[in-house]
Amino acid sequence: MFVDKEEMPGGGHAVTERMLKVRRVQMELLRKLLEVCGRHGLHVWLDGGSLLGAVREKGYIPWDDDIDTIMLRADYDRLVGLANEFKKPFFLQCARTDRLYPRGHAQLRMDGTAAILPVDAKARAAFHQGIFIDIFVLDGVPLTEELRREAAAETLRLAKRLRVMCEYRPPRQFGPFLRRQLCRLKSFENCFDEYEMSFKRWTAGDNARLCNWAMNAGAMETRGAIMRSWYGETVTLRFEGMDVPAPAGYDALLTTLYGDYMTPRKEPTCHGQVYFDTEHSYKEVLERWRKGGAGI
């Protein structure tokens with residue numbers, strides 16, 4: 001149900017017609033994000049596989065299925081405060097705008113579409129699941145390895161509590177059901193604030209190293225080796241025929257993340273197999289699955 005990729009003989013990759021439609025929606029989302037950030041003087045850059053694609057392919061890596069962007073904490077918090085500037089069909093999704101959305105980064109979504117992750121379908125997640133682009137956030141990294149390990153462990157513990165709170169599956173065992181109810185004695189908002197403060201307190205302006213804590217707290221010693229100086233200036237790259245911002249230190253950044261990044265090496269996306277639909281809302285898709293007894 002979630003497969004939307006075509007493999008070619010010999011290990012090649014063909015982009016399906018559906019994925020071409022999905023990419024057009026994602027590019028529309030990216031244009032909107034850059035427009036709002038530009039109007040308010042906020043810095044945002046391509047990140048991860050999208051940055052790699054811009055440098056090496058001048059567009060998507062053939063087997064990639066999303067667009068990654070990233071911001072420093074101060075500008076990210078300002079963007080969240082501007083959520084109302086994303087009028088329909090756009091929706092800036094974060095814990096402040098979509099209750100029980102448990103992730104520590106934002107996503108810009110498109111109404112009337114579907115991009116449903118298997119983990120969210122299994123958990124019966126009730127938040128917006130339209131086609132999206134990621135907006136990650138960089139915070140500082142503690143100076144010593146001991147502090148980094150302690151802080152990362154605390155972040156992972158609080159992230160697990162959020163996931164338990166936000167599960168919608170009916171209880172099948174008393175233990176998980178009881179844990180979920182105990183978590184819900186505390187409001188979602190308070191639990192999310194505690195989670196976010198576990199890494200937000202390490203301000204990017206006070207630390208030479210940065211990390212995307214929401215995604216990489218468990219790999220702090222490697223993915224927490226990003227230097228703030230790499231983001232001191234912005235350069236322009238081409239991505240699918242569009243000018244996009246990138247950190248001037250992209251070579252050092254990509255080398256840290258991927259090693260010999262100019263040599264193509266196919267790896268699975270971090271999302272797993274996503275169900276995409278550019279014509280129908282995620283609500284319609286999920287309702288159809290539930291009525292048919294499939295997809296959950």
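Which strands form a hairpin with two residues between them? In this predicted model, the hairpin is built from strand 11 and strand 12. The protein as a whole contains eleven helices and 13 strands, and 51% of its 296 residues count as buried. The points below begin with the hairpin, then turn to a covered helix, the nonpolar cores, the cysteines and the confidence of the prediction.

**The hairpin**

- Strand 11 covers residues 234-239 and runs antiparallel to strand 12, to which six bridges join it.
- Within this pairing, T234 of strand 11 has P247 of strand 12 standing opposite.
- The turn of the hairpin includes E240, whose phi is positive, at about 50 degrees.
- Strand 12 spans residues 242-247, and five of its six residues are buried, so the rest of the structure largely encloses this strand.

**A covered helix**

- Helix 2, which spans residues 48-56, is mostly covered, with nine of its nine residues buried.
- Among these buried residues are the glycines G48, G49 and G53, together with L51, L52 and R56.
- The cover over the buried residues of helix 2 includes both strands of the hairpin, strand 11 and strand 12.
- Strand 3 (45-46), strand 4 (68-72) and helix 10 (250-258) are also included in that cover.
- After helix 2 comes K58, which has a positive phi near 60 degrees.

**Nonpolar cores**

- The largest nonpolar core has 61 residues, and those with the most contacts inside it are L30, L33, L79, L108, I135 and Y231.
- Helix 1, residues 17-39, contributes the largest share of this core, namely ten residues.
- Leaving aside residues up to four places away in sequence, L33 touches V44, T69, L79, F86, L108, I133 and I135.
- A second core, separate from the largest one, has 19 residues, including A95, A151, Y195 and F199.

**Contacts and surface of the whole protein**

- Of the contacts in the protein with a separation of 6 or more, 66% are between residues 24 or more positions apart.
- The protein exposes an area of about 14200 Å², and 54% of this area is supplied by carbon and sulfur atoms.

**Cysteines**

- The number of disulfides in the structure is zero.
- C37 is buried, with a relative accessible area of 1%.
- C211 is likewise buried, and its relative accessible area is 0%.

**Confidence of the prediction**

- The mean pLDDT of the protein is 88, and 85% of the residues reach 70 or more.
- Residues 1-11 have a pLDDT below 50, although in the model this stretch has 32 contacts beyond near neighbours in sequence.
- Where pLDDT is low, the predicted coordinates should not be read in detail.

Terms used: Residues are numbered from 1 along each chain as its sequence is written. This is a predicted model: local features need pLDDT of at least 70, side-chain atom pairs count only at pLDDT 80 or more; totals for chains, interfaces and linings use all residues. Side-chain values use heavy atoms; hydrogens and water are left out. Buried means under 20% relative accessible area, exposed over 50%, partly exposed in between (1.4 Å probe, protein chains only). Helices (H or I, at least four residues) and strands (E, at least two) are DSSP runs, numbered from the N terminus. Two strands pair if DSSP finds at least two bridges between them. Contact means heavy atoms within 4.5 Å. Accessible areas come from the Shrake-Rupley method with a 1.4 Å probe; for residues, only the protein chains shown count as cover. A nonpolar core is a set of buried Ala, Val, Leu, Ile, Met, Phe, Trp, Tyr and Cys residues joined through side-chain atoms within 4.5 Å. pLDDT is the predictor's confidence in each residue, from 0 to 100. A disulfide is a pair of cysteine sulfur atoms within 2.5 Å.
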